[in-house]
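Hi,

Here is the structure I promised to pass on. Have a look at it first, and my notes on what turned up are underneath.

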Amino acid sequence: MSARPRPGGFFAPAWSTGFFWTALSLELFLIALLSRYGELSVHGHALRFVAIYSGAGAAYLLAIRGFGVIGKKHRPRIFWLGAIALRLAVFPMAAGDDMARYIWEGEVQLHGVNPYLNSPDAESLSSLRNENWRKINHAEWPAIYPPAAELLFAQMTRISSSPYFFKAVFVVADLLVCVLLLRLNTGPGRYRSVAWFAWNPLVVCAFAGAGHFDSLMLLAMTAAIFALHRAKPLQTGEPAWSWAIVAAVSLGLAIAIKAVPVFLLPAGVLALRGRSIVLVVSLAIPWLFTLPFGGWFVVNKSLAEFARVTRFNDSIWWFFELGAWPPSVKQTVNWCWFHGLPFAGLNPYYENSRANFLLALVVAGIVVVFRKDWRRAALWTLGAALLISPVLHPWYVTWILPLACWRRQFAWSVFALSVAFCLLVWEAGPFWGEWRMTPLLHLLVLAPPLLAWLFSFRLQEKTANV
(Lines give C-alpha, C1' and ligand atoms only; values in the text may rest on other atoms or scores of the structure.)
Protein backbone atom coordinates (compact mmCIF):
# COMPACT_ATOMS: atom_id res chain seq x y z
CA MET A 1 0.00 0.00 0.00
CA SER A 2 1.33 3.42 -0.93
CA ALA A 3 1.07 6.47 1.29
CA ARG A 4 0.84 10.02 0.09
CA PRO A 5 2.94 12.77 1.70
CA ARG A 6 1.12 14.85 4.26
CA PRO A 7 0.05 18.32 3.11
CA GLY A 8 2.69 20.84 4.06
CA GLY A 9 5.68 18.58 3.46
CA PHE A 10 8.22 18.21 6.26
CA PHE A 11 6.35 20.54 8.64
CA ALA A 12 3.43 18.16 9.09
CA PRO A 13 1.03 19.06 11.94
CA ALA A 14 1.68 17.36 15.25
CA TRP A 15 0.76 19.94 17.86
CA SER A 16 -2.12 20.82 20.11
CA THR A 17 -4.29 23.89 19.66
CA GLY A 18 -2.53 25.60 22.57
CA PHE A 19 0.86 25.27 20.94
CA PHE A 20 -0.54 26.64 17.70
CA TRP A 21 -1.94 29.76 19.34
CA THR A 22 1.32 30.27 21.26
CA ALA A 23 3.33 30.13 18.03
CA LEU A 24 1.01 32.46 16.12
CA SER A 25 0.85 34.92 19.03
CA LEU A 26 4.64 34.90 19.27
CA GLU A 27 4.95 35.67 15.58
CA LEU A 28 2.45 38.52 15.96
CA PHE A 29 4.36 39.94 18.93
CA LEU A 30 7.73 39.79 17.16
CA ILE A 31 6.31 41.31 13.97
CA ALA A 32 4.93 44.21 16.04
CA LEU A 33 8.31 44.59 17.75
CA LEU A 34 10.00 44.51 14.34
CA SER A 35 8.25 47.71 13.31
CA ARG A 36 10.46 49.65 15.76
CA TYR A 37 13.61 48.82 13.80
CA GLY A 38 12.46 49.35 10.23
CA GLU A 39 14.83 52.28 9.63
CA LEU A 40 17.92 50.19 8.93
CA SER A 41 20.12 53.25 8.45
CA VAL A 42 20.00 53.87 12.22
CA HIS A 43 23.01 52.36 13.97
CA GLY A 44 22.25 48.94 15.43
CA HIS A 45 18.84 48.57 13.77
CA ALA A 46 19.94 46.14 11.07
CA LEU A 47 21.24 43.54 13.53
CA ARG A 48 18.18 43.86 15.75
CA PHE A 49 15.86 43.70 12.75
CA VAL A 50 17.42 40.49 11.42
CA ALA A 51 17.46 38.87 14.88
CA ILE A 52 13.79 39.64 15.56
CA TYR A 53 12.82 38.73 12.01
CA SER A 54 14.52 35.34 12.40
CA GLY A 55 12.57 34.73 15.61
CA ALA A 56 9.32 35.67 13.85
CA GLY A 57 10.27 33.27 11.05
CA ALA A 58 10.75 30.40 13.52
CA ALA A 59 7.38 31.18 15.13
CA TYR A 60 5.79 31.30 11.67
CA LEU A 61 7.07 27.82 10.81
CA LEU A 62 5.74 26.47 14.09
CA ALA A 63 2.36 28.16 13.56
CA ILE A 64 2.09 26.63 10.09
CA ARG A 65 3.00 23.26 11.54
CA GLY A 66 0.26 23.52 14.14
CA PHE A 67 -2.45 24.94 11.85
CA GLY A 68 -3.47 21.43 10.85
CA VAL A 69 -4.93 20.72 14.29
CA ILE A 70 -7.49 23.51 13.92
CA GLY A 71 -10.99 22.30 13.10
CA LYS A 72 -12.00 22.75 9.47
CA LYS A 73 -14.90 25.08 10.21
CA HIS A 74 -12.65 27.45 12.16
CA ARG A 75 -9.82 27.59 9.65
CA PRO A 76 -11.18 30.42 7.43
CA ARG A 77 -11.67 32.80 10.36
CA ILE A 78 -8.31 31.98 11.93
CA PHE A 79 -6.56 32.30 8.57
CA TRP A 80 -7.92 35.81 7.97
CA LEU A 81 -7.45 36.79 11.61
CA GLY A 82 -3.76 35.94 11.38
CA ALA A 83 -3.29 37.54 7.96
CA ILE A 84 -4.91 40.85 8.89
CA ALA A 85 -3.48 41.05 12.43
CA LEU A 86 0.09 40.52 11.20
CA ARG A 87 -0.26 43.31 8.66
CA LEU A 88 -1.75 45.70 11.17
CA ALA A 89 1.05 44.90 13.61
CA VAL A 90 3.81 45.97 11.20
CA PHE A 91 1.89 48.79 9.49
CA PRO A 92 3.39 51.55 11.72
CA MET A 93 6.92 50.62 10.54
CA ALA A 94 8.75 53.35 8.65
CA ALA A 95 8.53 52.74 4.90
CA GLY A 96 11.70 51.96 2.97
CA ASP A 97 13.50 54.61 0.95
CA ASP A 98 11.88 53.28 -2.24
CA MET A 99 8.65 54.82 -1.01
CA ALA A 100 10.16 58.28 -1.34
CA ARG A 101 10.75 57.65 -5.05
CA TYR A 102 7.20 56.36 -5.56
CA ILE A 103 5.73 59.53 -4.10
CA TRP A 104 8.21 61.89 -5.78
CA GLU A 105 7.67 60.44 -9.23
CA GLY A 106 3.92 60.50 -8.70
CA GLU A 107 4.02 64.16 -7.68
CA VAL A 108 6.23 65.34 -10.55
CA GLN A 109 3.89 63.68 -13.05
CA LEU A 110 1.08 65.81 -11.66
CA HIS A 111 3.25 68.83 -12.57
CA GLY A 112 3.61 67.60 -16.15
CA VAL A 113 7.15 66.19 -15.70
CA ASN A 114 8.26 62.98 -17.41
CA PRO A 115 10.10 60.95 -14.70
CA TYR A 116 11.95 58.94 -17.36
CA LEU A 117 13.59 62.10 -18.69
CA ASN A 118 14.19 63.93 -15.41
CA SER A 119 16.03 62.45 -12.44
CA PRO A 120 15.07 63.57 -8.92
CA ASP A 121 18.27 65.61 -8.58
CA ALA A 122 17.69 67.51 -11.85
CA GLU A 123 18.11 71.25 -11.23
CA SER A 124 15.03 71.97 -13.33
CA LEU A 125 12.95 70.29 -10.60
CA SER A 126 14.55 72.08 -7.66
CA SER A 127 11.39 74.08 -7.00
CA LEU A 128 9.49 70.83 -6.34
CA ARG A 129 11.92 69.49 -3.76
CA ASN A 130 10.55 68.79 -0.30
CA GLU A 131 11.38 66.68 2.73
CA ASN A 132 10.40 63.54 0.87
CA TRP A 133 12.94 64.35 -1.89
CA ARG A 134 15.81 64.12 0.63
CA LYS A 135 15.01 60.45 1.26
CA ILE A 136 15.28 59.30 -2.37
CA ASN A 137 17.93 56.66 -3.03
CA HIS A 138 19.93 56.89 -6.28
CA ALA A 139 18.51 60.34 -6.96
CA GLU A 140 20.83 60.66 -9.96
CA TRP A 141 18.79 58.05 -11.84
CA PRO A 142 15.56 58.81 -13.72
CA ALA A 143 12.56 56.51 -13.18
CA ILE A 144 13.58 52.87 -12.72
CA TYR A 145 10.10 51.31 -12.61
CA PRO A 146 7.88 50.20 -15.54
CA PRO A 147 5.28 52.62 -16.93
CA ALA A 148 2.12 51.15 -15.40
CA ALA A 149 3.69 51.50 -11.96
CA GLU A 150 4.55 55.13 -12.68
CA LEU A 151 1.00 55.88 -13.78
CA LEU A 152 -0.33 54.23 -10.63
CA PHE A 153 2.00 56.36 -8.50
CA ALA A 154 0.61 59.48 -10.14
CA GLN A 155 -3.02 58.49 -9.55
CA MET A 156 -2.34 57.45 -5.96
CA THR A 157 -0.49 60.71 -5.28
CA ARG A 158 -3.48 62.58 -6.68
CA ILE A 159 -5.45 61.14 -3.76
CA SER A 160 -2.78 61.30 -1.05
CA SER A 161 1.00 61.59 -0.74
CA SER A 162 1.02 59.81 2.61
CA PRO A 163 3.23 56.70 2.75
CA TYR A 164 0.52 55.06 4.84
CA PHE A 165 -2.00 55.51 2.05
CA PHE A 166 0.40 53.89 -0.39
CA LYS A 167 0.99 51.03 2.04
CA ALA A 168 -2.75 50.58 2.50
CA VAL A 169 -3.18 50.15 -1.25
CA PHE A 170 -0.33 47.65 -1.39
CA VAL A 171 -1.83 45.68 1.52
CA VAL A 172 -5.22 45.47 -0.19
CA ALA A 173 -3.51 44.04 -3.29
CA ASP A 174 -1.58 41.64 -1.07
CA LEU A 175 -4.77 40.36 0.57
CA LEU A 176 -6.44 39.96 -2.82
CA VAL A 177 -3.53 37.68 -3.79
CA CYS A 178 -4.53 35.54 -0.81
CA VAL A 179 -8.11 35.41 -2.12
CA LEU A 180 -6.90 34.17 -5.52
CA LEU A 181 -4.63 31.60 -3.90
CA LEU A 182 -7.58 30.24 -1.93
CA ARG A 183 -9.34 29.75 -5.25
CA LEU A 184 -6.31 28.03 -6.76
CA ASN A 185 -5.74 25.72 -3.82
CA THR A 186 -8.43 23.15 -3.18
CA GLY A 187 -9.30 20.63 -0.50
CA PRO A 188 -9.51 20.87 3.31
CA GLY A 189 -5.85 21.87 3.62
CA ARG A 190 -6.06 24.93 1.39
CA TYR A 191 -6.11 27.48 4.22
CA ARG A 192 -3.01 25.96 5.72
CA SER A 193 -1.33 25.94 2.31
CA VAL A 194 -2.15 29.60 1.63
CA ALA A 195 -1.03 30.53 5.15
CA TRP A 196 2.51 29.76 3.96
CA PHE A 197 2.10 32.93 1.88
CA ALA A 198 -0.29 35.03 3.98
CA TRP A 199 1.56 34.61 7.29
CA ASN A 200 5.08 34.72 5.88
CA PRO A 201 7.06 37.47 7.66
CA LEU A 202 8.64 38.57 4.37
CA VAL A 203 5.26 39.08 2.70
CA VAL A 204 3.94 40.90 5.75
CA CYS A 205 6.97 43.17 6.13
CA ALA A 206 7.55 43.84 2.42
CA PHE A 207 4.12 45.32 1.76
CA ALA A 208 2.52 46.39 5.06
CA GLY A 209 5.85 47.35 6.61
CA ALA A 210 8.41 48.59 4.10
CA GLY A 211 5.73 49.50 1.55
CA HIS A 212 7.05 47.93 -1.65
CA PHE A 213 4.67 48.09 -4.58
CA ASP A 214 5.44 44.54 -5.77
CA SER A 215 2.11 43.33 -4.36
CA LEU A 216 0.40 45.13 -7.26
CA MET A 217 2.43 43.05 -9.70
CA LEU A 218 1.78 39.88 -7.67
CA LEU A 219 -1.97 40.49 -7.87
CA ALA A 220 -1.91 40.75 -11.67
CA MET A 221 0.53 37.83 -12.00
CA THR A 222 -1.52 35.56 -9.72
CA ALA A 223 -4.64 36.49 -11.67
CA ALA A 224 -2.83 35.41 -14.85
CA ILE A 225 -1.85 32.09 -13.26
CA PHE A 226 -5.41 31.55 -12.07
CA ALA A 227 -6.74 32.26 -15.58
CA LEU A 228 -4.19 29.92 -17.18
CA HIS A 229 -5.23 27.22 -14.73
CA ARG A 230 -8.89 27.71 -15.66
CA ALA A 231 -8.04 27.94 -19.35
CA LYS A 232 -6.12 24.67 -19.33
CA PRO A 233 -7.56 22.32 -16.69
CA LEU A 234 -5.69 19.09 -16.07
CA GLN A 235 -8.46 16.79 -17.28
CA THR A 236 -9.74 18.58 -20.37
CA GLY A 237 -8.54 19.21 -23.88
CA GLU A 238 -8.37 22.58 -25.61
CA PRO A 239 -8.01 25.71 -23.49
CA ALA A 240 -10.95 28.10 -23.34
CA TRP A 241 -10.56 31.29 -25.36
CA SER A 242 -12.19 33.45 -22.69
CA TRP A 243 -9.81 32.40 -19.93
CA ALA A 244 -6.87 32.57 -22.34
CA ILE A 245 -7.67 36.23 -23.03
CA VAL A 246 -8.01 36.98 -19.31
CA ALA A 247 -4.64 35.34 -18.73
CA ALA A 248 -3.00 37.36 -21.50
CA VAL A 249 -4.40 40.67 -20.25
CA SER A 250 -3.48 39.94 -16.63
CA LEU A 251 0.04 38.91 -17.58
CA GLY A 252 0.42 42.05 -19.69
CA LEU A 253 -0.63 44.22 -16.75
CA ALA A 254 1.82 42.37 -14.47
CA ILE A 255 4.69 42.98 -16.91
CA ALA A 256 3.72 46.65 -17.22
CA ILE A 257 3.92 47.02 -13.43
CA LYS A 258 7.15 45.05 -12.92
CA ALA A 259 9.03 43.34 -15.74
CA VAL A 260 9.81 39.98 -14.10
CA PRO A 261 6.53 38.23 -15.16
CA VAL A 262 7.81 38.37 -18.75
CA PHE A 263 9.61 35.13 -17.87
CA LEU A 264 6.20 33.46 -17.57
CA LEU A 265 5.46 33.95 -21.26
CA PRO A 266 7.04 30.58 -22.24
CA ALA A 267 4.92 28.84 -19.59
CA GLY A 268 1.88 30.61 -21.02
CA VAL A 269 2.71 29.24 -24.47
CA LEU A 270 2.95 25.73 -22.99
CA ALA A 271 -0.43 26.17 -21.28
CA LEU A 272 -2.36 27.67 -24.19
CA ARG A 273 -0.69 25.81 -27.06
CA GLY A 274 -2.46 26.71 -30.30
CA ARG A 275 -4.28 29.61 -28.68
CA SER A 276 -1.10 31.19 -27.32
CA ILE A 277 -1.45 33.83 -30.04
CA VAL A 278 -3.43 35.80 -27.45
CA LEU A 279 -0.16 36.33 -25.55
CA VAL A 280 0.66 39.03 -28.08
CA VAL A 281 -1.64 41.09 -25.88
CA SER A 282 0.74 40.47 -22.97
CA LEU A 283 3.45 42.32 -24.90
CA ALA A 284 1.17 44.96 -26.40
CA ILE A 285 -0.13 46.17 -23.03
CA PRO A 286 3.30 47.16 -21.61
CA TRP A 287 4.09 48.88 -24.90
CA LEU A 288 0.84 50.87 -24.76
CA PHE A 289 1.71 52.04 -21.25
CA THR A 290 4.99 53.48 -22.53
CA LEU A 291 3.25 55.85 -24.96
CA PRO A 292 2.37 58.58 -22.39
CA PHE A 293 6.08 58.76 -21.52
CA GLY A 294 7.44 59.01 -25.05
CA GLY A 295 7.43 55.40 -26.15
CA TRP A 296 9.39 52.23 -25.63
CA PHE A 297 12.88 53.63 -26.26
CA VAL A 298 12.49 56.43 -23.72
CA VAL A 299 11.23 54.09 -21.00
CA ASN A 300 13.60 51.24 -21.75
CA LYS A 301 16.70 53.47 -21.80
CA SER A 302 16.32 54.36 -18.14
CA LEU A 303 15.34 50.86 -17.02
CA ALA A 304 18.07 49.09 -19.00
CA GLU A 305 20.89 51.38 -17.87
CA PHE A 306 20.01 50.92 -14.21
CA ALA A 307 19.62 47.13 -14.54
CA ARG A 308 22.93 46.85 -16.36
CA VAL A 309 25.10 48.11 -13.49
CA THR A 310 23.33 47.18 -10.25
CA ARG A 311 24.40 44.16 -8.24
CA PHE A 312 23.53 42.98 -4.73
CA ASN A 313 23.18 39.65 -2.91
CA ASP A 314 23.45 37.62 -6.11
CA SER A 315 22.97 33.91 -5.48
CA ILE A 316 25.06 32.38 -8.28
CA TRP A 317 27.80 34.74 -9.40
CA TRP A 318 29.64 35.08 -6.08
CA PHE A 319 30.21 31.33 -6.07
CA PHE A 320 32.11 31.45 -9.35
CA GLU A 321 34.22 34.37 -8.11
CA LEU A 322 35.65 32.48 -5.14
CA GLY A 323 39.43 32.22 -5.18
CA ALA A 324 39.30 28.42 -4.90
CA TRP A 325 38.57 28.01 -8.62
CA PRO A 326 41.62 27.11 -10.75
CA PRO A 327 42.73 29.92 -13.09
CA SER A 328 42.13 27.68 -16.09
CA VAL A 329 38.43 27.42 -15.23
CA LYS A 330 38.04 31.19 -14.93
CA GLN A 331 39.93 31.75 -18.16
CA THR A 332 37.69 29.27 -19.97
CA VAL A 333 34.51 30.88 -18.66
CA ASN A 334 35.72 34.37 -19.57
CA TRP A 335 36.65 33.19 -23.05
CA CYS A 336 33.08 31.88 -23.51
CA TRP A 337 31.59 35.20 -22.36
CA PHE A 338 33.75 37.38 -24.58
CA HIS A 339 33.23 35.23 -27.65
CA GLY A 340 29.58 34.29 -27.15
CA LEU A 341 27.81 37.37 -25.81
CA PRO A 342 28.52 39.69 -28.78
CA PHE A 343 26.56 37.29 -31.01
CA ALA A 344 23.53 37.88 -28.77
CA GLY A 345 23.93 41.65 -28.96
CA LEU A 346 25.18 41.85 -25.35
CA ASN A 347 28.25 43.63 -24.01
CA PRO A 348 30.53 41.07 -22.31
CA TYR A 349 32.14 43.82 -20.22
CA TYR A 350 28.86 44.22 -18.29
CA GLU A 351 28.54 41.44 -15.71
CA ASN A 352 24.76 41.72 -15.81
CA SER A 353 24.81 40.88 -19.53
CA ARG A 354 26.28 37.53 -18.58
CA ALA A 355 23.41 36.96 -16.17
CA ASN A 356 20.84 37.77 -18.85
CA PHE A 357 22.52 35.44 -21.34
CA LEU A 358 22.72 32.56 -18.85
CA LEU A 359 19.12 33.12 -17.75
CA ALA A 360 17.93 32.94 -21.36
CA LEU A 361 19.71 29.60 -21.81
CA VAL A 362 18.32 28.21 -18.55
CA VAL A 363 14.75 29.31 -19.35
CA ALA A 364 15.02 27.64 -22.75
CA GLY A 365 16.15 24.43 -21.05
CA ILE A 366 13.31 24.60 -18.53
CA VAL A 367 10.75 24.99 -21.31
CA VAL A 368 12.12 21.90 -23.04
CA VAL A 369 12.24 19.77 -19.89
CA PHE A 370 8.77 20.77 -18.65
CA ARG A 371 7.08 21.20 -22.02
CA LYS A 372 4.18 19.00 -20.85
CA ASP A 373 3.75 20.70 -17.47
CA TRP A 374 3.41 24.48 -17.70
CA ARG A 375 2.85 24.79 -13.95
CA ARG A 376 6.26 23.37 -13.10
CA ALA A 377 7.81 25.35 -15.95
CA ALA A 378 6.41 28.58 -14.46
CA LEU A 379 7.75 27.78 -10.99
CA TRP A 380 11.21 26.78 -12.21
CA THR A 381 11.42 29.80 -14.51
CA LEU A 382 10.71 32.28 -11.73
CA GLY A 383 13.11 30.38 -9.48
CA ALA A 384 15.83 30.65 -12.11
CA ALA A 385 15.16 34.38 -12.49
CA LEU A 386 15.71 34.86 -8.75
CA LEU A 387 18.82 32.72 -8.44
CA ILE A 388 20.59 33.90 -11.59
CA SER A 389 19.73 37.58 -11.20
CA PRO A 390 22.68 39.80 -10.20
CA VAL A 391 20.34 41.60 -7.78
CA LEU A 392 18.32 39.88 -5.07
CA HIS A 393 16.76 42.27 -2.61
CA PRO A 394 14.82 40.41 0.11
CA TRP A 395 11.37 41.44 -1.13
CA TYR A 396 12.16 39.99 -4.57
CA VAL A 397 11.60 36.53 -3.10
CA THR A 398 7.90 37.37 -2.73
CA TRP A 399 7.64 37.10 -6.53
CA ILE A 400 7.78 33.30 -6.43
CA LEU A 401 5.79 32.72 -3.24
CA PRO A 402 2.28 32.60 -4.79
CA LEU A 403 3.41 29.92 -7.25
CA ALA A 404 5.39 28.10 -4.57
CA CYS A 405 2.37 28.14 -2.28
CA TRP A 406 0.12 26.75 -5.01
CA ARG A 407 2.61 24.04 -6.00
CA ARG A 408 3.40 23.32 -2.32
CA GLN A 409 7.11 23.95 -2.76
CA PHE A 410 7.64 25.39 0.69
CA ALA A 411 11.44 25.53 0.61
CA TRP A 412 10.90 28.91 -1.10
CA SER A 413 9.09 30.07 2.04
CA VAL A 414 12.20 29.17 4.03
CA PHE A 415 14.23 31.18 1.51
CA ALA A 416 11.94 34.12 2.28
CA LEU A 417 13.14 33.89 5.88
CA SER A 418 16.87 33.35 5.35
CA VAL A 419 17.19 36.06 2.66
CA ALA A 420 16.90 38.68 5.41
CA PHE A 421 20.50 37.95 6.48
CA CYS A 422 21.66 40.12 3.57
CA LEU A 423 20.25 43.15 5.43
CA LEU A 424 23.16 42.92 7.87
CA VAL A 425 25.32 44.76 5.33
CA TRP A 426 23.64 48.03 6.25
CA GLU A 427 26.53 48.39 8.69
CA ALA A 428 29.84 46.55 9.12
CA GLY A 429 29.92 43.51 11.38
CA PRO A 430 32.47 40.95 12.62
CA PHE A 431 32.12 38.70 9.56
CA TRP A 432 30.96 41.12 6.88
CA GLY A 433 31.59 44.64 5.64
CA GLU A 434 29.29 47.60 5.08
CA TRP A 435 27.46 46.89 1.83
CA ARG A 436 29.76 43.94 1.17
CA MET A 437 28.37 40.43 1.13
CA THR A 438 30.81 37.77 2.35
CA PRO A 439 30.74 33.99 1.71
CA LEU A 440 29.38 33.53 5.24
CA LEU A 441 26.40 35.79 4.57
CA HIS A 442 25.78 34.10 1.24
CA LEU A 443 25.72 30.73 2.99
CA LEU A 444 23.33 32.01 5.67
CA VAL A 445 21.01 33.15 2.89
CA LEU A 446 21.21 30.03 0.70
CA ALA A 447 21.88 27.07 3.00
CA PRO A 448 18.51 26.96 4.88
CA PRO A 449 16.27 26.77 1.77
CA LEU A 450 18.63 24.26 0.15
CA LEU A 451 18.49 22.02 3.22
CA ALA A 452 14.71 22.44 3.41
CA TRP A 453 14.37 21.45 -0.24
CA LEU A 454 16.62 18.39 0.17
CA PHE A 455 14.79 17.30 3.32
CA SER A 456 11.33 17.69 1.78
CA PHE A 457 12.48 15.92 -1.39
CA ARG A 458 13.81 12.96 0.60
CA LEU A 459 10.63 12.82 2.70
CA GLN A 460 8.38 12.77 -0.36
CA GLU A 461 10.56 10.12 -1.98
CA LYS A 462 10.41 8.00 1.19
CA THR A 463 6.64 8.26 1.70
CA ALA A 464 6.00 7.53 -1.99
CA ASN A 465 7.74 4.18 -1.60
CA VAL A 466 5.99 3.05 1.60
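Starting with a pair of helices: α2 and α7 run roughly antiparallel to each other, because the angle between them is about 170° and anything over 145 counts as roughly antiparallel. Helix α2 covers residues 45-66 and α7 covers residues 190-198, and their axes lie 10 Å apart. On the α2 side the contact is made by Y60, L61, I64 and R65, and on the α7 side by R192, A195 and W196. Sorted by type, that makes five nonpolar residues and two charged ones, with no polar residue in this contact.

Do keep in mind that this is a predicted model. The mean pLDDT is 87, and 88% of the residues reach 70 or more. Two stretches to treat separately: residues 1-14 have pLDDT below 50, though the model gives this stretch 31 contacts beyond near neighbours in sequence. Residues 461-466 are also below 50, with seven such contacts.

Then there is the inside of the protein. How many cavities of 30 Å³ or more are there? The count comes to one, and its volume is about 60 Å³. Its lining consists of M221, A224, I225, L228, L251, L264, A267, G268, W374 and A378. Nine of these are nonpolar, one is polar and none is charged. Helices α9 (214-231), α11 (265-272) and α17 (374-388) each give two or more residues to that lining, and α9 gives the most, with four.

Shout if you want to go through any of this together.

Cheers

Note on methods: Residues numbered from 1 in each chain as written. Predicted model: local features only at pLDDT ≥ 70, side-chain atom pairs only at ≥ 80, totals over all residues. Heavy atoms only, no water. Axes fitted to C-alpha atoms, helices over the stretch in contact; angles between N-to-C directions. Parallel < 35°, antiparallel > 145°, perpendicular 65-115°, else oblique. Contact = heavy atoms within 4.5 Å. Nonpolar A, V, L, I, M, F, W, Y, C, P; charged D, E, K, R; others polar. pLDDT = per-residue confidence, 0-100. 1 Å grid on protein atoms, 1.4 Å probe; cavity = no way out; pocket = protein on both sides within 12 Å on 5 of 7 lines; lining within 4 Å. Points joined across faces, edges and corners; volume = space filled by probe spheres on them.
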